[in-house]
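Biologist: Please take one part of this protein and walk me through it closely. I would like the pairing of its strands, and any salt bridge that goes with it.

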Amino acid sequence: MQRDATHAEIKSLDTAMHRRLILRFGTFVAPFAAARELGAGFGFWLGGPFADDAEAAGCAVMTRDL
């Protein structure tokens, strides 16, 4: 969620029982390059949509095992 022009929020989550995290960015276009680089720096890699996630079509999806 975007807080203002320079701040965004990643929703808080409970990872106690989870084995994998997925980040989904709007598209593969240039404005999201910095977000993809940041994710890669934290161990996320580019992958495909999770299961039948139709909303992820055309999005950059990054995954990280916990």
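Modeller: Helices and strands here are DSSP runs, numbered from the N terminus. On that basis, the elements run β-β-β-α-β-β. That comes to one helix and five strands. The model is a predicted one.

Now to strand 5, which covers residues 60–65. Strand 5 pairs with strand 3, residues 20–25, in the antiparallel sense. Six bridges join these two. One of the partnerships sets F25 against A60 of strand 5. Strand 5 also pairs with strand 4, residues 45–47. This pairing is antiparallel too, with three bridges. Here G47 stands opposite V61 of strand 5.

Next, the side chains. The cut-off for a salt bridge is 4 Å, from a side-chain nitrogen of Lys or Arg to a carboxyl oxygen of Asp or Glu. By that rule the count is one. R20 and D65 form the salt bridge, with their closest N and O atoms 2.8 Å apart. R20 belongs to strand 3 and D65 to strand 5, so the pair links distant parts of the chain, 45 residues apart.

Is this pair buried or exposed? Neither label fits. Partly exposed means between 20% and 50% relative accessible area. R20 has 47%, so R20 is partly exposed. D65 has 39%, so D65 is partly exposed as well.

As for the whole protein, buried residues make up 15% of its 66 residues. The protein exposes about 5,300 Å². Carbon and sulfur atoms supply 59% of that area.

Note on methods
Residues are numbered from 1 along each chain as its sequence is written. This is a predicted model: local features need pLDDT of at least 70, side-chain atom pairs count only at pLDDT 80 or more; totals for chains, interfaces and linings use all residues. Side-chain values use heavy atoms; hydrogens and water are left out. Two strands pair if DSSP finds at least two bridges between them. Helices (H or I, at least four residues) and strands (E, at least two) are DSSP runs, numbered from the N terminus. Buried means under 20% relative accessible area, exposed over 50%, partly exposed in between (1.4 Å probe, protein chains only). Accessible areas come from the Shrake-Rupley method with a 1.4 Å probe; for residues, only the protein chains shown count as cover.
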